[in-house]
Amino acid sequence: MSNESFKVWGICGSLRQKSLNMMALKVAGELMPQGMSLQITHYDDLPMYNFDVQAKGFPAASDRLRAEILSADALFFASPEYNFSVGAPLKNVIDWMSRYQPVPFFGKPAAMISATTGPLGGARMQYDLRKIVGGLGAQFLGKPEVFIGMANKKFDEEGRLNDETTRKFLTDQMLAFKDWIPRVKRAFA
Ligand SMILES: Cc1cc2nc3c(=O)[nH]c(=O)nc-3n(C[C@H](O)[C@H](O)[C@H](O)COP(=O)(O)O)c2cc1C
């Protein structure tokens with residue numbers, strides 16, 4: 001049994017004030033077992049990726065995100081699906097991060113969830129996110145996968161989760177994630 005404590009950085013793919021994905025991210029943080037803790041990043045100040053901007057120097061928000069990712073033991077994404085894929089806010093984060101050498105995602109243990117108002121729960125987004133961020137070297141947990149469909153019916157206005165099945169899925173995923181993190185860290189040490 002290890003006494004390590006893992007710092008997980010949470011990245012939400014929605015900038016919306018009452019984001020269901022932010023609610024789900026916070027609940028997942030509460031359900032993390034001992035030895036894991038969640039810190040959530042914010043990036044409303046990140047400009048849209050433009051090589052001309054990068055050529056003048058990385059924006060402060062991008063440098064900050066890079067530092068947060070590098071300092072994290074693991075990354076946890078919670079994102080909506082926009083038009084069958086990853087939405088622009090999260091894709092923008094990924095595009096900025098991909099411009100650093102080495103890419104800060106490389107070798108990072110990672111996991112994801114998605115919440116949508118439709119029934120599918122963002123499955124199409126998840127497989128694209130796996131492809132994109134996995135392509136940049138992040139090491140994603142395989143199972144359990146968590147897709148929160150009809151999420152507007154599962155969270156109340158205050159962000160409380162009132163669906164026990166979802167709570168169980170999230171709890172199981174966090175346990176598996178805790179097991180996954182040291183395995184990836186050892187492999188990339
Ligand atoms: C631009 C846009 C595209 C969307 N596309 C999808 C989609 O492809 N699949 C889906 O299940 N929901 C889609 N939705 C609905 C989202 O699931 C819903 O708005 C959800 O609440 C967004 O997550 P958030 O609450 O974290 O902001 C879309 C919403 C927006 C604004």
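Here is a walk through a protein chain and its ligand, as they appear in a predicted model.

Let's start with the chain as a whole. The protein chain is built from 6 helices and 8 strands, and starting at the N terminus the elements follow the order β-α-β-α-α-β-β-β-α-β-α-β-β-α. Its radius of gyration comes to 16 Å, close to the 16 Å that the globule rule gives for 189 residues, so the chain is as compact as a globular protein of that length. If you draw a box along the principal axes, the C-alpha atoms fill roughly 50 × 40 × 25 Å.

What about the inside and the outside? Of the 189 residues, 49% are buried. The protein chain exposes about 9400 Å², with carbon and sulfur atoms supplying 54% of that area. As for how the chain folds back on itself, take the contacts between residues at least 6 apart in sequence: 80% of these join residues at least 24 apart.

Now to the ligand. It is surrounded by 13 residues, and the closest are S14, R16, S19, N21 and F84. By character, this shell divides into 4 nonpolar, 6 polar and 3 charged residues. Helix 1 (20-31) and strand 4 (81-82) each supply at least two residues of the shell.

Which atoms pair up with the ligand at short range? In the side chain of N21, an N or O atom sits 2.8 Å from an oxygen atom of the ligand. A polar backbone atom of N83 is 2.8 Å from a ligand nitrogen, and a backbone N or O atom of T117 is 3.2 Å from a ligand oxygen. On its own, the ligand has 610 Å² of accessible area, and the protein covers 72% of this.

N83 deserves a second look. You'll find N83 in the loop between strand 4 and strand 5 (85-86). Its phi is near 50 degrees, a positive value in a residue other than glycine. Is N83 buried or exposed when only the protein counts as cover? At 77% relative accessibility, with the cut-off for exposed being over 50%, N83 counts as exposed.

M150 is another non-glycine residue with a positive phi, here about 50 degrees. M150 belongs to the loop between strand 8 and helix 6 (164-187). Its relative accessibility is 34%, so M150 counts as partly exposed.

For a look at the interior, go to S114 in strand 6 (residues 109-115). With 0% relative accessibility, S114 counts as buried. A polar atom of the S114 side chain lies 2.5 Å from the backbone oxygen of G121. Setting aside neighbours within four places in sequence, S114 is in contact with N21, S79, G121, G122, A123, M125, Q126, V146, F147 and I148. N21 turns up here again, having already appeared among the residues closest to the ligand.

Finally, check the backbone for cis peptide bonds. One joins Q101 and P102, with omega about -5 degrees; P102 is in the loop between helix 4 (88-97) and strand 6. Another joins K143 and P144, where omega is about 0 degrees. P144 has its place in the loop between strand 7 (139-140) and strand 8 (146-148).

Conventions. Residues are numbered from 1 along each chain as its sequence is written. This is a predicted model: local features need pLDDT of at least 70, side-chain atom pairs count only at pLDDT 80 or more; totals for chains, interfaces and linings use all residues. Side-chain values use heavy atoms; hydrogens and water are left out. A residue is near a molecule or strand if one of its heavy atoms lies within 4 Å of it. A polar contact is a pair of N or O atoms within 3.5 Å; within protein, one must be able to donate a hydrogen and the other to accept it, and residues adjacent in sequence count only if both atoms are side-chain atoms. Accessible areas come from the Shrake-Rupley method with a 1.4 Å probe; for residues, only the protein chains shown count as cover. Helices (H or I, at least four residues) and strands (E, at least two) are DSSP runs, numbered from the N terminus. Ala, Val, Leu, Ile, Met, Phe, Trp, Tyr, Cys and Pro count as nonpolar, Asp, Glu, Lys and Arg as charged, and the others, Gly among them, as polar. The radius of gyration is taken over C-alpha atoms; the globule rule is 2.2 Å times the number of residues to the power 0.38. Buried means under 20% relative accessible area, exposed over 50%, partly exposed in between (1.4 Å probe, protein chains only). Contact means heavy atoms within 4.5 Å.
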